[in-house]
Amino acid sequence: MISRVHQLKKILNNVEKNVLQIFGFPPRELAMAYTLEKRLPQPKKFTIKDIVGDGILLAVPKFRRTVEKRLKRKFGSPDYVWKMLIPKTNIIVCNSCGHYHERGYICGHCYKKVEAETKEIQDKIQEKLGNLKPIENDVIVLYNGENLPEQPKEFWQGKRIIEMKKDRPQWFSKNLLQKSTQQPSESKDVKPTDLA
Amino acid sequence: MNQADVTKLVSKLRIKVPDQHRRLRSPKGPEGRLDKLRKTVTGLIKFERIELNHHRADEARQYAERLISEAILHGDCHKPTMEIADYWLLEKELLHKLFKVLVPRFENSNTAFTKMYKAPKASSGRNIDKAILELRGNPYPLLTNKHSNNRYLLQNVLLDAAKYEYRQAKYAEMADKIGKNEEISQPKSDDVAKSKPINEV
């Protein structure tokens, strides 16, 4: 029964094909398939401006730093630069001024005074002896109110005396109980009090 | 054995000389290094006390020592020595100073001619070590405290006073003891004295 129906259907298909061929239509097999589809919108071209807009773009790390590197950044390396605070055990008290300084180094407080005085003497020597003449004399420095030490005459041969026009600094004296450079004042001015 | 005594031909430095020289980097290379050192040696002879980086000071010190010892050894009539001095001293008036001032000053010394100290460090920051380089016998104030043996140093004055007080206290104690001993011994003698008269009576 089914085969008969199938046969009939086949015959009808043939008839239709022949009739259409007679009228000049192409056979149905060659017809184009057409599917109804909504057209998708074309994707826009990607630009970095879409993301950034008015702002600015910063570089950001791409990879995570390793633990070792993070620790070294934080604490430094004991062999090179150690960033932790460690107590110094080589600090001593200066014998003459009482300030602290490192063992093996000159006391900073004393050195400041010596440096200033040295600079002054050097300038004075340069001013007196250093004008492109051959230097043939040793130098002796005398402060205000000082006399030449008693020496035989031969000692003074080939020596130049540089006079510093001020009193010898107290710390630069041989006797620490010598008079202070400050003279006792005789003025009877009284400083005003309760001004403010 | 007609050999010359080598120690008298070559000046032996009185400071410790490291086995390798420092490079003192400079764009000119070794020549630039020597230029730097010449400047430093000239400055040292001129000012007698300078402060500079430790490495350069230590390096220049050796050359300055050598220069002075050569000058002492040969004097100013020796041509090679004069040439060396002429090379190392950039300011020519210092040639006179070397032979007329420094040679007499150091002739009879048996220590080094220069002294080097470590300059105080800045308390913070990573700083290069500085040094103070000076010629001995300069007219400037001393860099180190040499008063520790001075009778008038404050610490010594205080210590002396403390010692004196302690001694006085000890003397007083001893005097007390002697007095007490006498008091103890005296009553016995008194008894004897008293007893005697009684006997006599």
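## A kinked helix in chain B

The bend at a residue is the angle between axes fitted to the seven residues ending there and the seven starting there. With that in hand, let's look at helix α5 of chain B in this predicted model. A kink of about 25 degrees is found in α5(B), and its centre is B:Phe99. Helix α5(B) covers residues 93–106, 14 residues in total. From first C-alpha to last, α5(B) reaches 19 Å, close to the 20 Å expected at 1.5 Å a residue.

Which residues of α5(B) are buried? They are B:Leu94, B:Lys97, B:Leu98, B:Val101, B:Leu102 and B:Phe106. These buried residues pack against α2 (30–47), α3 (54–74) and α4 (79–88) of chain B, and also against β3 (138–142) of chain A.

## Where the two chains meet

The contact between the chains involves 24 residues of chain B and 29 residues of chain A. On the chain B side, the elements that give two or more residues are α5 and β2 (114–118). The kinked helix α5(B) gives the most, with seven residues. Sorted by class, this side of chain B has twelve nonpolar, seven charged and five polar residues.

## Chain A at a glance

Now over to the partner. Chain A has 196 residues, of which 6% count as buried. Its secondary structure comes to four helices and four strands, and from the N terminus on the elements run α-α-α-β-β-α-β-β. Among contacts in chain A with a separation of 6 or more, 17% join residues 24 or more positions apart.

How confident is the prediction here? Chain A averages a pLDDT of 83, and 90% of its residues score at least 70. Among the elements of chain A, helix α3 (residues 67–75) has the highest mean pLDDT, 96, and strand β4 (residues 159–163) the lowest, 81.

## A two-sided helix in chain A

Helix α4 of chain A takes in residues 108–129, which is 22 residues. Its reach from first C-alpha to last is 30 Å, close to the 32 Å expected at 1.5 Å a residue. Buried in α4(A) are A:Cys110, A:Tyr111, A:Val114, A:Glu115, A:Thr118, A:Ile121 and A:Ile125. These residues lie on the same side of α4(A) because they cover an arc of only 140 degrees around the axis.

What covers that buried side? The cover includes β3 and β4 of chain A together with β1 (49–53) of chain B. The face of α4(A) turned away from the buried side carries the exposed residues A:Lys112, A:Ala116, A:Asp123 and A:Glu127.

Notes. Residues are numbered from 1 along each chain as its sequence is written. Chains are lettered from A and ligands numbered from 1 in the order in which they are written. This is a predicted model: local features need pLDDT of at least 70, side-chain atom pairs count only at pLDDT 80 or more; totals for chains, interfaces and linings use all residues. pLDDT is the predictor's confidence in each residue, from 0 to 100. The expected span of a helix is 1.5 Å times one less than its number of residues. A residue is buried if 20 or more other C-beta atoms lie within 10 Å of its own, exposed if 12 or fewer, and partly exposed in between; C-beta atoms are placed from the backbone. Two residues are in contact if their C-beta atoms, placed from the backbone, lie within 7 Å. Ala, Val, Leu, Ile, Met, Phe, Trp, Tyr, Cys and Pro count as nonpolar, Asp, Glu, Lys and Arg as charged, and the others, Gly among them, as polar. The arc is that of the directions from the helix axis to the C-beta atoms.
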